[in-house]
Amino acid sequence: MLIKVAHPYPIKPSEITPETVYADRRRFLLQIGLATAGAALAGSGRAEPVAADANLAPLTVARKSEMAGGENVTAYTDITHYNNFYEFGSAKEDPARNAGRLRTRPWSVVVDGECEAPGRIDIEELLKPQALEERIYRHRCVEGWSMVAPWIGLPLADLLKRFRPTSKAKYVAFTTLYDPKQMPETARGVLDWPYREGLRIDEAMHPLAFLSVGLYGRVLPNQDGAPLRLTVPWKYGFKSIKSIVKIHFAERQPEATWNKLAPGEYGFYSNVNPTVDHPRWSQAQERRLGELFKRKTLMFNGYPEVASLYSGMDLRTSF
């Protein structure tokens with residue numbers, strides 16, 4: 001009797017890596033090797049997350065919130081070594097290898113546009129223990145992988161309100177640092193630099209929208225968006241812009257990097273919606289980093305409390 005044995009980690013290139021990356025055979029094979037190793041760990045029992053990098057400064061938080069339905073957090077090594085940060089390379093292992101050159105101090109963020117009190121805020125002002133909280137959030141990448149991460153930071157609304165946006169502020173635009181000396185991959189022109197993202201202002205003011213300054217009890221590793229990144233758990237990962245240097249209140253919908261590059265594949269809203277497939281792959285399932293089997297993708301990534309933001313909208317059109 002012949003028994004057909006399924007491959008232990010059946011996976012399509014398009015589920016893990018964008019087309020521009022998986023065309024590179026060497027990088028693709030390396031990523032599959034990493035994924036297979038993670039699957040083996042999952043098969044022998046859930047691997048415990050390792051401690052955060054001791055070289056990174058510890059953070060003290062005032063409160064902690066569980067916002068991932070009691071799920072296990074993803075191992076620190078996966079969160080910090082399987083990243084999208086194209087300024088440091090387009091393969092998943094590139095940011096961890098290359099982002100060490102990024103200088104995150106001194107660092108400040110300009111806030112301007114349709115607000116009554118434009119100004120600049122220093123990153124040190126955002127690290128005060130009494131203002132920080134830890135939130136464990138689910139995240140899903142448009143490529144088909146997901147994770148659960150313990151971020152440290154503050155509600156985005158708390159920061160935005162300091163600058164008193166006016167009634168003309170319908171959107172909030174974010175811009176990443178652009179420095180070819182520190183980010184040599186920007187010379188390749190893979191994207192239109194600097195990286196940009198945007199939210200409607202009611203999305204930005206929602207209690208789930210978060211500015212992250214830390215991870216696993218310490219300041220953010222460079223490859224995860226140090227020193228300040230956006231965390232929007234009900235949207236696909238590319239909306240969570242990293243290494244922010246500018247926040248702008250806008251009356252009109254701002255440019256978003258992936259939406260501008262490929263509007264048919266990456267909508268401005270980019271809410272996790274399993275009923276709307278990416279043109280090159282299904283979004284109905286996902287694979288959690290460190291796990292073998294796929295799981296069902298949840299609408300809004302399992303955060304139904306944001307559904308009212310999109311009441312009356314066709315989420316197949318405004319995707």
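A helix here is a DSSP run of H or I with at least four residues, numbered from the N terminus. The model is predicted.

**Exercise 1.** State which helix gives the largest share of the lining of the second largest pocket, and describe that pocket.

*Solution.*
1. The volume of the second largest pocket is about 260 Å³.
2. Its lining consists of 19 residues, and those closest to the pocket centre are Leu56, Leu220, Pro221, Asn222 and Gln223.
3. Helix 4 (residues 76–81) supplies three residues, the largest share of this lining.
4. By class, the lining holds 11 nonpolar, six polar and two charged residues.

**Exercise 2.** Determine why Glu134 has no salt bridge, and describe its surroundings.

*Solution.*
1. Glu134 lies in strand 4 (residues 133–140).
2. Glu134 is buried, and the nearest side chain of opposite charge is that of Lys64, 4.2 Å away.
3. A salt bridge requires a side-chain nitrogen of Lys or Arg within 4 Å of a carboxyl oxygen of Asp or Glu.
4. The distance of 4.2 Å to Lys64 does not meet the cut-off of 4 Å, so no salt bridge is assigned.
5. Leaving aside residues up to four places away in sequence, Glu134 touches Val61, Arg63, Lys64, Ser65, Pro150, Trp151 and Ile152.

**Exercise 3.** Locate the two partners of the salt bridge between Asp112 and Lys246, and classify each as buried, partly exposed or exposed.

*Solution.*
1. In the salt bridge of Asp112 with Lys246, the closest N and O atoms are 3.7 Å apart.
2. The pair links distant parts of the chain: Asp112 belongs to strand 2 (residues 108–113) and Lys246 to strand 11 (residues 244–250), with their positions 134 residues apart in the numbering.
3. Buried means under 20% relative accessible area and exposed means over 50%, with partly exposed in between.
4. Asp112 has 21%, and therefore counts as partly exposed.
5. Lys246 has 32%, and therefore also counts as partly exposed.

**Exercise 4.** Starting from the salt bridge between Arg295 and Glu291, find which residues belong to its network.

*Solution.*
1. Arg295 pairs with Glu291, and the closest N and O atoms are 2.9 Å apart.
2. Arg295 is partly exposed at 27% relative accessibility, and Glu291 is partly exposed at 21%.
3. Through shared partners, salt bridges connect Glu71, Arg138, Arg140, Glu286, Arg288, Glu291 and Arg295 into one network.

**Exercise 5.** Give the number of salt bridges in the whole structure, with one further example.

*Solution.*
1. The whole structure contains 20 salt bridges.
2. One of them joins Glu185 and Arg188, with the closest N and O atoms 2.9 Å apart.

Conventions:
Residues numbered from 1 in each chain as written. Predicted model: local features only at pLDDT ≥ 70, side-chain atom pairs only at ≥ 80, totals over all residues. Heavy atoms only, no water. Helix = DSSP H or I, 4+ residues; strand = E, 2+ residues; numbered from the N terminus. Buried < 20%, exposed > 50% of the residue type's maximum accessible area, 1.4 Å probe, protein only. Lys, Arg positive; Asp, Glu negative; His and termini not counted. Contact = heavy atoms within 4.5 Å. 1 Å grid on protein atoms, 1.4 Å probe; cavity = no way out; pocket = protein on both sides within 12 Å on 5 of 7 lines; lining within 4 Å. Points joined across faces, edges and corners; volume = space filled by probe spheres on them. Nonpolar A, V, L, I, M, F, W, Y, C, P; charged D, E, K, R; others polar.
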